[in-house]
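Student: I would like to work through this protein with you, going from the whole chain down to single side chains. Could we take it one question at a time?

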Amino acid sequence: MEKKLIYTGKTKNVYALPNGNCLLKFKDDCTGKDGVFDPGENSVGLTIEGVGDVNLRMSIYYFEKINAAGIKTHYVKANLEDTTMEVLPAKVFGKGLEVICRRKAVGSFFRRYNEYCTEGQDLPYYVETTFKNDALGDPLVTKDGLVDLGVMTAEQYDSLKEQTQAITKIVADDLKEKGMELYDIKFEFGYAPDGKVMLIDEVASGNMRVYKDGEYIDPMTLNKLFFA
């Protein structure tokens, strides 16, 4: 199948397919600093053999679960032999929007709001949105900001929030069955030609903060535990 490169990303390349869909090619490049893997970093810091394959496997697993629950995603099918995933075309909101769903007060949330909470405090599927902008440190933006700036409609935001909470519960319940606890998770959403919001990108270990027996599990260890 002929494909045309349309975007080179840090961890994936995106190709246009003749059928109108897109193809994501998962790479072994990881974000990090000084040769240390860190999903929160904004630049490629190292290459770990096989990480693209693992990220694709976990994404397939969760996209199929999410689709089965009746929630719209861009996932069509995948090919593990060449580490690719065929997806529906989607437009991103603005220049890219990240959505975080938090079940515990940790990380940047605790640093910002520690006057009002204790570390590890339960949060009721708290949703926050940030613009993807490395130079500005991915600034937070509220629903009103997104609507007033013309990035999305109020209805699209409500759909995005509802989907985020539902998808997070699917992942959290699944990890609980595996003896692990999801503290927070990061998603990307886009919208279809009809304006409907849908989950895009990937659902992989580098996008989630997971604990086991009260101890943080780094993404590479999580991959091993997940597929054990």
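Tutor: Let us first agree on a term: contact means heavy atoms within 4.5 Å. Please also keep in mind that this is a predicted model.

Student: With that in hand, leaving aside its neighbours within four places in sequence, which residues is D201 in contact with?

Tutor: D201 is found in the loop between strand 14 (197-200) and strand 15. Once the neighbours within four places in sequence are set aside, the residues in contact with D201 are K12, L24, F63, H74, M85 and E188.

Student: Is D201 buried or exposed, and at what relative accessibility?

Tutor: The cut-off to apply is that buried means under 20% relative accessible area. D201 falls under that limit and therefore counts as buried, its relative accessibility being 18%.

Student: Which side chain is joined to that of D201 by a polar contact, and over what distance?

Tutor: One of the residues in contact with D201 is K12. The side chains of these two residues are joined by a polar contact, so the partner of D201 is K12, at 3.1 Å.

Student: Stepping back to the whole chain, what radius of gyration does it have, and how does that stand against a compact globule?

Tutor: The chain has five helices and 16 strands, and its C-alpha atoms fill a box of roughly 55 × 45 × 35 Å along the principal axes. For 228 residues a compact globule would have a radius of gyration near 17 Å, and the chain agrees with this because its own value is 17 Å.

Student: What share of the residues is buried, and what share of the contacts with a separation of 6 or more comes from residues 24 or more positions apart?

Tutor: Of the 228 residues in the chain, buried ones make up 45%. Among contacts with a separation of 6 or more, the share that comes from residues 24 or more positions apart is 54%.

Student: How far does helix 4 reach from its first C-alpha to its last, and which residue with a positive phi follows the helix?

Tutor: Helix 4 covers residues 154-177, which is 24 residues, and the span expected at 1.5 Å a residue is 34 Å. The helix reaches 35 Å, close to that expectation. Its buried residues include Y157, L160, I167 and V171. The residue that follows helix 4 with a positive phi, near 80°, is G179.

Student: Which residue meets D173 in a salt bridge within helix 4?

Tutor: As a general point, side chains of opposite charge can pair when their charged atoms come close. D173 and its partner both lie in helix 4, four residues apart, about one turn of the helix. D173 is partly exposed at 34% relative accessible area, and the partner is partly exposed at 44%. The N to O distance is 2.7 Å, and the partner is K169.

Student: How many bridges join strand 13 to strand 15, and which residue stands opposite D184?

Tutor: Strand 13 (residues 181-191) and strand 15 (residues 208-212) run antiparallel, and the number of bridges between them is four. The residue in strand 15 that stands opposite D184 is R209.

Student: What is the N to O distance of the salt bridge between D184 and R209?

Tutor: D184 is buried, with a relative accessible area of 6%, whereas R209 counts as partly exposed at 25%. Their side chains meet in a salt bridge, and the N to O distance is 2.9 Å.

Student: Where do D184 and R209 lie, and how many residues apart are they?

Tutor: This pair links distant parts of the chain, with D184 in strand 13 and R209 in strand 15, and the separation is 25 residues.

Student: Which residue takes a positive phi in the hairpin of strand 15 and strand 16?

Tutor: Three bridges join strand 15 to strand 16 (residues 215-217), and the two strands run antiparallel. K212 has E215 in strand 16 as its bridge partner. Two residues lie between the strands of the hairpin, and the one with a positive phi, near 55°, is D213.

Notes. Residues numbered from 1 in each chain as written. Predicted model: local features only at pLDDT ≥ 70, side-chain atom pairs only at ≥ 80, totals over all residues. Heavy atoms only, no water. Pairing = 2+ DSSP bridges. Expected span 1.5 Å × (residues − 1). Buried < 20%, exposed > 50% of the residue type's maximum accessible area, 1.4 Å probe, protein only. Polar contact = N/O pair within 3.5 Å; in protein donor to acceptor, adjacent residues only side chain to side chain. Salt bridge = Lys/Arg side-chain N within 4 Å of Asp/Glu carboxyl O. Rg over C-alpha atoms; globule rule 2.2 N^0.38 Å.
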